[in-house]
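Me: I'm new to this structure and would love a close look at one part of it. Could you take me through the nonpolar core and then show me what lies around it?

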Amino acid sequence: MDIEREVLEVDVLIVGAGPAGLSCAYRLKELLDKHEEKHATGDPVCSKDLSGAMIAVIEKGAHVGAHSLSGAVMDPKGIAELIPDYVEQGAPLEKKVEDDTLYILTKSGKFAVPWLPKSMHNHGFNIISLNRFTSWLGSRVEEKGVDILAGAGGAEVLYANGKTLGVRTDDKGRDKAGAPRHNFEAGTDIHAKVTVFAEGVRGSLTKAHVKKLQLDYGRNPQSYVTGVKEVWEVPEGRLSRGTVYHTLGYPLDTRTFGGGFIYTMNDNLLALGFVVGLNYRNPLTDPHNLFSKFKTHPFVKSLLDCGKMLRYGAKAIPEGGFFSMPKMYGDGFLIIGDSAGFLNSRRLKGIHLAIKSGIMAAETIYDSLVVEDFSDAKLAAFNSRFEKSWAKEELHGVRNFHQAYEDGLFSGFLHTGLQIITGGRGLKEKYEIDEDHKRMKKIGDYFGTDTVDPKRDQIKHDGALTWNKLDNVYYSGTKHEEDQPSHLVITDLNICNDRCGKEYGNPCQHFCPAHVYEMEEDEKGKRKLKLNPSNCVHCKTCDIADPYGIITWVVPEGGGGPNYSDM
Ligand code: SF4
């Protein structure tokens, strides 16, 4: 069916209103405003009239911040560079970190790691709720006069003459089979001189774009962890504000990467979560179950005692680092933030780097607007800026960190020690890795038998300390229009219904933290995959961890998904 679509022409299109995209919009508008002031006074340096330059930001969440989730302890370096008076401007900050401890958990005990390199210290940094912070930053951007179109997901990248032309936003009002309903609204084609991909982790457009243009050629594949998080209200005085605990060990085995975090917030709120490397071998690995087990550890349980769980969410995190960053520029586009891998995995921090990437993108785009040149050669200035920046220095210093844990915790410690001494190098300049999902073992290979109870590691939920996935999802505020095409596109269901069950035990049931994937028996006793897309919290884990690479996460109707607060 031919659909007539509205075409919107803008100068700059930013896809995603997270810290990177918003920072780009903020700094670019600031530069354009300064340019205009000088232009009005006849300053020859600003002779070009940029008064009509239009920036548009699209965001798939129902509002800015709805899909933002992180730990988070923020290094203020990025926001201080973007908005020097961010404190006076009311940035929502929790108390600065005063107590910062890394514990190794055994099954029932714990011991504190006596020494950590300075680069891993959190003292003096602010604990934040990323979704509150993002919402605040979005308001600053809107105050500057930039339009943010919330509820508009990027459905497809548009190209013309070998260049990136912009993005088509999602159609609204299609039924499950894809046919238009009575309320059908065609997505808009937004054409831009520069399109900035700031979609966050494993952005669906960025993934397709990187693949089409082979922007990851010669790079390590991106490597991820999935984090599952809750926010609890705990009795007054349980932990002093400004406390940050990280944990290693229980309930993970020593060959699986990951650990826990516990941060105190204002109003007796406690943020806690657990991250698990998606390069795991055990096909029954279940981040939600591991998080539940983490909460049953006596130390963690004692912190939650008599408390009340308020919020739940999950998100993948790009941890591959410097060598996994794709080429971030080309004819008519830039890639920034988590989409480009701006994350320091040793510090488990990316917000400051995402902001910095947004600033560098804005400065690059401003220069391009002045000379009306949006070519690969001109936008390469983004890379030059990155090369000279503190962001590059920081990321290069930990370039081999995540890869060092490919063979488990103990060899990872050894490599990390060596890397700290050698400025990030370790045993060689570049540690190579494979795609995460390729490391998953088949049931028979991992357990030595093909008959394994898929629930063997699952704990029983009591509804007071731990919950099943479905009950947890309720606390994420997730909603989707039910009558729409599935946004989990599976290219070969026969693999799910037959081969995957035998080979891997349908790991989608385990790695998805929102009970979207369910194996059901039909009337003939044949197992079939049932999808519950409306539960999806947009964590992107399935798009990464599926061992056959047959699941593609595409954007659902804009406005659907989680509705995070305090996360
Ligand atoms: Fe995450 Fe995929 Fe499950 Fe959605 S369906 S919650 S993206 S694993």
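Reply: Happy to! In this predicted model, the largest nonpolar core has 77 residues. Within that core, I79, F133 and F342 have the most contacts. The helix that gives the core its largest share is α7, residues 351-371, with eleven residues. This fits a wider pattern: in soluble globular proteins, nonpolar side chains tend to be buried together.

Let's zoom in on F133. Leaving aside residues up to four places away in sequence, F133 touches M74, I79, A91, P92, I128 and I355. Among these partners is I79, itself one of the residues with the most contacts inside the core. Apart from this core lies another one, of 71 residues, and Y103, L270, F511 and V555 are among them.

Now back to helix α7, to see how it meets a neighbour. Helix α10 covers residues 390-397, and α7 packs against α10 with the axes 10 Å apart and an angle of about 140 degrees. Angles over 145 degrees would count as roughly antiparallel, so α7 is oblique to α10. The crossing of these two helices is left-handed. On the α7 side, the contact is made by H352, L353, K356 and M360. From α10 come W390, A391, E394 and L395. Sorted by class, the contact of α7 with α10 has five nonpolar residues, two charged ones and one polar one.

Just before α7 in the chain there is a loop worth a pause. It runs between β19 (333-335) and α7, and L348 is found there. L348 is not a glycine, yet it has a positive phi of about 50 degrees. Its relative accessibility is 33%, so L348 counts as partly exposed.

A second helix pair can be found at α1 and α3, which span residues 19-40 and 130-143. Their axes come within 9 Å and cross at roughly 20 degrees, and the two helices are therefore roughly parallel to each other. As with α7 and α10, the crossing of α1 and α3 is left-handed. Helix α1 brings P19, L22, S23, A25 and Y26 to the contact. Helix α3 answers with L130, T134, L137, G138, R140 and V141. By class, the residues where α1 meets α3 divide into seven nonpolar, three polar and one charged.

To finish, here are a few backbone details to look for in the loops. Q214, like L348, is not a glycine but has a positive phi, of about 50 degrees. You can find Q214 in the loop between α4 (204-212) and β13 (224-233). The relative accessible area of Q214 is 56%, so this residue is exposed.

There are also two cis peptide bonds to visit. One goes from G71 to A72, with omega near 0 degrees. A72 lies in the loop between β2 (55-59) and β3 (73-74). The other goes from Y250 to P251, where omega is near 5 degrees. P251 sits in the loop that connects β14 (243-249) and β15 (258-264).

If you'd like a route to follow on screen, start at F133 and its contact with I355. From there, go to α7, which supplies eleven residues of the core, and then on to its contact with α10, where W390 is one of the residues involved.

Key:
Residues are numbered from 1 along each chain as its sequence is written. This is a predicted model: local features need pLDDT of at least 70, side-chain atom pairs count only at pLDDT 80 or more; totals for chains, interfaces and linings use all residues. Side-chain values use heavy atoms; hydrogens and water are left out. A nonpolar core is a set of buried Ala, Val, Leu, Ile, Met, Phe, Trp, Tyr and Cys residues joined through side-chain atoms within 4.5 Å. Buried means under 20% relative accessible area, exposed over 50%, partly exposed in between (1.4 Å probe, protein chains only). Helices (H or I, at least four residues) and strands (E, at least two) are DSSP runs, numbered from the N terminus. Contact means heavy atoms within 4.5 Å. Axes are lines fitted to C-alpha atoms, for helices over the stretch in contact, and angles run from 0 to 180 degrees between N-to-C directions. Angles under 35 degrees count as roughly parallel, over 145 as roughly antiparallel, 65 to 115 as roughly perpendicular and the rest as oblique. A crossing is left-handed if the near helix is turned anticlockwise from the far one by less than a right angle, and right-handed if clockwise. Ala, Val, Leu, Ile, Met, Phe, Trp, Tyr, Cys and Pro count as nonpolar, Asp, Glu, Lys and Arg as charged, and the others, Gly among them, as polar.
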